[in-house]
Amino acid sequence: MIKQLIFVSCCCLLMASITSCVHLKEYQKSRLNDSEMILANRKVEKNELNFQSYREAASGANAGKTGGGCGCN
Amino acid sequence: MRKIFLSVVGFSLICRMSAHAQIKPDTSFNKSKFSLYEPVDTSSYNARALRVDEIDFVSSYYNQNGNHSAVTGGIGTEKVTDIATGLTLNLVWLNQAMNKNTLAIGFGFDYHTAASQAFVSKTGASSPDGTRIYPSVDWTVENEKKGLSFGIGTYYSGEYNYQSLGADLHFSQKTKDKSGEFTAKLQGYFDQVKLIYPSELIPNSTTVGTVVTSASGTVGGHGGKASIPSSPRNTYAASFSYSQMINSRLQVAFMGDLVTQNGYLGLPFHRVYFTNGKDTVERLPSSRFKIPVGFRLNYFAGDNIIFRTYYRYYADNWGTKASTANLEIAYKLSPFFSLSPFYRFYTQTAAKYFAPYGTHAPTDQYYTSNYEYAQFQSNFYGIGLRLAPPKGVFGWQNLHDLELRYGHYTQTTGLASDVISVNLGFK
């Protein structure tokens, strides 16, 4: 498990270092500010994420809820 | 060639004129008022009154079928339908220190039917439906100059056999150039699981008279009122994320959680059948530790295609390891209308306490036949549609945003489901 976590962390760091960050002026952020570019789940996905967390063992790391609620059925 | 040359010269002259225009001091303050425009003195703002910033309405219909219900020990119908509806009201105001305050008040209501729920009683006499309500409140204060925000939230979820009370603290700080942001969130959920056992396994000490319990509140039998005890389940989570703009088309976010749970982590009406044919209630350890880590990477290609990607690796101390990969391609047919096909792949290994129907040994310390903990892969695909025209959806100014989304989900266990959702954003 630790090996795999290290592997994923390395992949993340590698991806981040592939392209060096550049300082962006406000007018250069027009594409990044597009509503489709938001680094989060869509509001319309809220209930989908609920049922996935109830049907699958894994949850979390998606800026959503990490506990609470039964999902008993 | 000459035309091109003249165009370049002309363009450079225009640019130079603009540049010089920026150098001149702004004389608008000295001019007599001849237009509607008046310069605004930003130093004399007063605290601004509370106003409704946005109202979001999300509703979904979910339909599922399968043949591995945990209520009947890993065999039997998993047919479920669920209608979920939620409303979130965002109120915004500025305080004396000019910090932006946001109060998000949410309320959700679900109604479900679950065929397996009827078999909490051996004869199938239990009620197959139920409801859930889940209000929430979140208050965030943001200092836009410093790029700093801090907030607290609380949450409740209530259904007949399960109550959950949650609270969180969250904090975020942007980098100096506002291109990156670090977020931390601490959450605690304090749940109570009502100990509703399968009818043939009800301990005598938990009932008054002869009753048949159900998972949704119907208590039958001879009219006796059950006195059903509860057991606590606590969840504590620390979530961290860092998002960064890489260039004018690419941004990424890295996320990770540390989650620990303790208390009653199974469900009392989940049966397990042993190799000797006898049945009992599932039994799981009283603690669980989970580590999910993931990243998102969004890329704006060309003028109208956006790649939204997500990957997560998950591991816990029950032996489950899982990977989730998601790709969504948003195609903008116009600046205000987009179509987004998506595909999600998920794979997990089985928890060490899982075994199918009739295969657990009576000597096992922990046992479950809930297929949530089985080894499987799942595929989820579908399409979304988003409309956000500047004059409002269908010309209705207050409705600024409409999202529709349909998805089809399949597991290698045989479970299949469909979900359709709508989100309406009002300003």
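The following conversation takes a trainee and a mentor through a predicted model that includes chains A and B.

Trainee: How many helices and how many strands does the secondary structure of chain B come to?

Mentor: Chain B has 427 residues, of which 34% count as buried. Among contacts in chain B between residues at least 6 apart in sequence, 57% join residues at least 24 apart. As for its secondary structure, chain B comes to 1 helix and 18 strands.

Trainee: Which strand gives the most to the largest nonpolar core?

Mentor: This core holds 47 residues, and those that touch the most other members are Ala253(B), Met255(B), Ala351(B), Tyr353(B), Phe354(B) and Tyr373(B). At least two residues of the core come from each of β8, β9, β10, β12 and β13 of chain B. The strand that gives the most, with 5 residues, is β9(B).

Trainee: Which residue of chain A is in contact with Tyr373(B), once neighbours within four places in sequence are left aside?

Mentor: Tyr373(B) is one of the core residues that touch the most other members. With those sequence neighbours left aside, its contacts in chain B include Thr320(B), Ala350(B) and Thr368(B), as well as Ala351(B), Tyr353(B) and Phe354(B). From chain A, the residue in contact with Tyr373(B) is Ala57(A).

Trainee: How many nonpolar residues are there on the side of chain B that touches chain A?

Mentor: The contact takes 44 residues from chain A and 80 residues from chain B. On the side of chain B that touches chain A, 30 residues are polar and 13 are charged, while the number of nonpolar residues is 37.

Trainee: Does Tyr54(A) count as buried, exposed or partly exposed, and what is the reason?

Mentor: Tyr54(A) is found in helix α2 of chain A, which spans residues 46–55. A residue needs 20 or more C-beta neighbours within 10 Å to be buried, and 12 or fewer to be exposed. Because Tyr54(A) has 16 such neighbours inside 10 Å, it counts as partly exposed.

Trainee: Which residue in β8(B) stands opposite Leu186(B)?

Mentor: It helps to begin with β6(B) and β7(B), which run antiparallel and are joined by 13 bridges, and in whose hairpin Lys178(B) takes a positive phi near 65°. Within that pairing, Leu165(B) has Phe190(B) in β7(B) as its bridge partner. β7(B) also pairs with β8(B) in the antiparallel sense, over 15 bridges. In β8(B), the residue opposite Leu186(B) is Ala238(B).

Methods
Residues are numbered from 1 along each chain as its sequence is written. Chains are lettered from A and ligands numbered from 1 in the order in which they are written. This is a predicted model: local features need pLDDT of at least 70, side-chain atom pairs count only at pLDDT 80 or more; totals for chains, interfaces and linings use all residues. Two residues are in contact if their C-beta atoms, placed from the backbone, lie within 7 Å. Ala, Val, Leu, Ile, Met, Phe, Trp, Tyr, Cys and Pro count as nonpolar, Asp, Glu, Lys and Arg as charged, and the others, Gly among them, as polar. Helices (H or I, at least four residues) and strands (E, at least two) are DSSP runs, numbered from the N terminus. A nonpolar core is a set of buried Ala, Val, Leu, Ile, Met, Phe, Trp, Tyr and Cys residues joined through C-beta atoms within 7 Å. Two strands pair if DSSP finds at least two bridges between them.
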